[in-house]
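Here's a quick tour of one protein model, with an eye on its pockets and on how far to trust the coordinates. Have a look at it first, then read on.

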Amino acid sequence: MNDTTHRPADRQAALRARLGGIGLGADYNPDQWPEATRTEDLALMARAGVTVVNLAIFAGARVEPARDAYDFTYFDRVMDDLAAHGITADLATMTAAPPPWLVTEHPEVLPVTADGVVLSPGGRRHFCPSSPVFRDRAARLVEAVATHYRDHPALGLWHVGNEYGCHVAECFCDTSAADFRRWLGERYNSVDALNDAWSTDFWSQRYASFDQILPPRTAPTYPNPSQQLDFKRFGNDALRTCFETETAILRRITPDVPVTTNFLAGLKSVDIYDWAPTMDVLSLDSYPDPNRDQAHIGAAMSYDTIRCAGGGEPWLLTEQAPSAVNWRSRNAAKSPGRTRLWSWQAVAQGADVIMYFQWRPSRGGAEKFHSRMVPHAGPDTRVFRDVADLGRELARVPELVGTRIHNRVALLSDWHSRWALELDSHPSDAVRHSDRALDHYAPLFDLGVGVDVVHPSADLSDYRLVIVPSLYLLSTEHADRLSRFVAGGGSLVVSFFSGIVDECDRVHLGGYPGPLREVLGISVEEFRPADAGVVFPLQGVSGSGDAPPTGTGDLRREDVTLKGARAEVEFAGAEWAGRPAATVHTHGAGIARYIATRPDTAAMRGLIARACADAGVEPVLPVLPRGVQASIRTGDGYDVLVLLDHADHADHADEVELPTPRRDLLADGQPTTRRVTLAPQAVAVLGSHPTEPAPTTTPESA
Ligand code: GAL
């Protein structure tokens with residue numbers, strides 16, 4: 001972002017100095033309670049070690065109850081109380097839910113679906129991102145809030161909007177249509193260029209002028225895929241423009257206060273890599289389902305994504321559930337110990353702030369059954385005791401603040417590829433971006449190997465192994481970077497349906513996967529998706545090293561022709577016997593693998609383990625029991641190892657051997673032996689040597 005006042009390092013340092021350690025907090029909605037409750041809240045926050053709150057996210061209607069009639073009296077008292085108690089406000093810009101007066105005066109701000117349905121107020125996020133009225137009213141509100149609180153001692157961070165892209169990812173109204181046409185004009189300059197990019201000679205779609213173009217509204221059959229893809233890009237940009245409009249105001253009025261917005265883990269509509277450079281510190285909301293086996297691995301992948309999007313800087317876990325959520329069909333409570341374990345997991349993977357949704361639940365409203373730090377039953381509850389214990393623990397490890405993680409494996413992820421991959425009219429609708437990424441991430445997690453999840457444009461020079469999991473859309477430029485990475489000695493693993501189309505969703509010609517064929521030494525002629533439940537036997541090829549992976553594949557069985565590569569695994573069984581299922585190719589000084597099916601868990605782990613071995617990639621610790629996650633955060637002259645036992649077995653503890661003795665930072669730095677015993681759901685936080693330098697940050701206010 002070309003912004004001379006943009007000094008993220010300074011602003012990050014300011015936030016660290018304020019918090020003085022790993023931050024703990026929650027969404028705080030005191031306006032949903034009688035004023036007297038706040039006295040108890042603040043006492044309990046002190047008990048729990050709360051240092052930061054997300055404040056006033058949905059308070060727009062209270063602060064501006066009528067057009068231009070700003071009333072800050074209530075939040076002045078709240079902010080004063082927070083300051084008096086040394087609690088930092090991550091103060092919201094209050095623009096995530098337009099107030100009733102605005103939609104009454106201007107119903108045109110309401111969003112419209114692809115089917116033409118106008119979404120009513122009564123929930124939240126009921127605005128069209130392209131609406132000039134909404135943007136103008138949001139800007140005025142932000143100006144008023146920022147001007148009013150610019151010098152308030154509680155203000156430590158700005159929380160812009162809330163979870164952009166949640167609920168309403170895109171709007172199909174006429175205002176959006178006009179904005180889409182403007183956006184297309186800037187992208188393509190001429191309608192001829194657009195016709196070429198969108199392949200509009202197909203089905204008589206050739207446009208004579210930009211005025212003829214509409215959003216991809218519900219049509220008799222598949223709307224043009226390139227149009228759909230561009231509309232996703234436009235939707236992302238329209239939301240980012242809302243965010244940037246607010247951010248520019250905040251930067252002007254409070255140049256020293258850092259700015260963030262909370263991304264929702266797994267959300268498809270907002271491209272975190274695209275937004276990240278406009279933010280001072282990145283924030284993520286994470287709601288893994290306690291009922292889902294291995295949910296922590298999906299969460300781990302999203303933590304590695306947010307950290308890498310922020311250039312490796314520590315990030316904020318702005319929301320997680322203390323126990324159950326209220327928005328799944330069945331909302332499982334977290335078992336005892338899991339809130340702690342999953343909070344520490346975020347810290348292990350680079351978070352410097354741990355927050356919950358929310359502090360105290362309202363008595364009414366749609367989220368009354370969502371879990372909270374202070375339940376309806378009050379503080380004499382397991383949840384409150386657990387989070388308060390966690391607060392005390394987090395306060396013991398200020399040396400973690402600002403430390404970074406260094407990995408040698410990169411897994412490529414790209415929202416544009418995700419949008420394109422998940423369009424209609426494909427060989428199969430069963431290939432989903434996040435599932436495919438997880439199919440590759442999970443074996444690395446199981447092997448104890450740390451992973452960075454990065455955009456294809458990322459600098460790959462520090463990595464030894466790069467994984468490309470069904471990255472359907474890949475530009476020639478990014479494919480060439482991968483070829484150069486391998487030629488220079490890197491290891492590459494590419495999975496089926498990668499490198500198929502260019503940025504306009506047009507097929508790379510000459511055989512799949514167009515720009516990766518040479519580095520992979522293969523060509524693919526047909527994709528052959530499989531029906532659900534159909535599996536193909538896989539046979540490791542003898543002579544291709546120790547224990548070649550065998551097992552089964554499913555989902556896809558591609559027709560691979562070897563063009564220099566050799567098969568490492570073949571399909572078995574009558575019809576396909578001997579056809580390549582996984583290949584390996586030496587290209588320059590490196591090695592490139594291709595996987596033409598979805599191997600079962602063990603076979604996939606075998607292939608990934610081979611790629612790690614070729615690349616010289618080591619796990620974080622030489623030996624880790626199954627289910628134990630290890631992560632190292634490195635500071636200036638020291639590091640901290642975090643061990644997390646995700647295993648569910650209640651019957652036995654896990655033993656972990658450390659290469660060198662470490663101090664147990666949760667037990668006041670007592671020396672440990674080189675052997676750590678972990679009960680199920682246990683956490684160990686272990687400093688590298690007895691004399692770590694004192695942390696550079698100091699608590700500003702206790
Ligand atoms: C988030 C949102 C919060 C709350 C929470 C409930 O998506 O930002 O405001 O609704 O979900 O889990």
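What follows covers confidence, two pockets and a small set of paired strands.

## How far to trust it

Keep in mind that this is a predicted model. The chain averages a pLDDT of 95, and 96% of the residues score at least 70.

The exceptions worth flagging sit at two stretches. Over residues 1-6, pLDDT stays under 50, and the model has twelve contacts there beyond four places in sequence. Residues 697-702 also stay under 50, with eleven such contacts. Where pLDDT is low, the predicted coordinates shouldn't be read in detail.

## The largest pocket

The largest pocket holds about 1,000 Å³ of space. Its lining runs to 44 residues, and those nearest the centre are Leu264, Ala265, Gly266, Leu267 and Ser302. Four elements give two or more residues each to that lining: β6 (262-264), α11 (295-309), α14 (415-421) and α15 (433-446). Helix α11 has the largest share, with seven residues.

Where does the largest pocket lie relative to domain 1 and domain 2? It lies between them, because domain 1 (3-395) and domain 2 (409-615) both give residues to the lining. As for chemistry, the lining breaks down into 21 nonpolar, twelve polar and eleven charged residues.

## The second largest pocket

Next comes the second largest pocket, with about 650 Å³ of space. It is lined by 25 residues, and the ones closest to its centre are Gln32, Phe58, Gly123, Arg124 and Glu367.

Sorted by class, this lining has ten nonpolar, twelve polar and three charged residues. Arg124 and Glu367 are among the residues closest to the centre of this pocket.

## Strands around β16

If you want a bit of sheet to trace by eye, try β16 (residues 551-554). It runs antiparallel to β15 (residues 536-540), and three bridges join the two strands. One pairing to look for is leucine 538 with glycine 551, its bridge partner in β16.

Strand β16 also pairs with β21 (residues 598-599), again in the antiparallel sense, over two bridges. Here aspartate 554 has arginine 598 of β21 as its bridge partner. When you follow the side chains, remember that in a regular strand they alternate between the two faces of the sheet.

Terms used:
Residues numbered from 1 in each chain as written. Predicted model: local features only at pLDDT ≥ 70, side-chain atom pairs only at ≥ 80, totals over all residues. Heavy atoms only, no water. 1 Å grid on protein atoms, 1.4 Å probe; cavity = no way out; pocket = protein on both sides within 12 Å on 5 of 7 lines; lining within 4 Å. Points joined across faces, edges and corners; volume = space filled by probe spheres on them. Nonpolar A, V, L, I, M, F, W, Y, C, P; charged D, E, K, R; others polar. Domains from an automatic or database assignment. pLDDT = per-residue confidence, 0-100. Contact = heavy atoms within 4.5 Å. Pairing = 2+ DSSP bridges.
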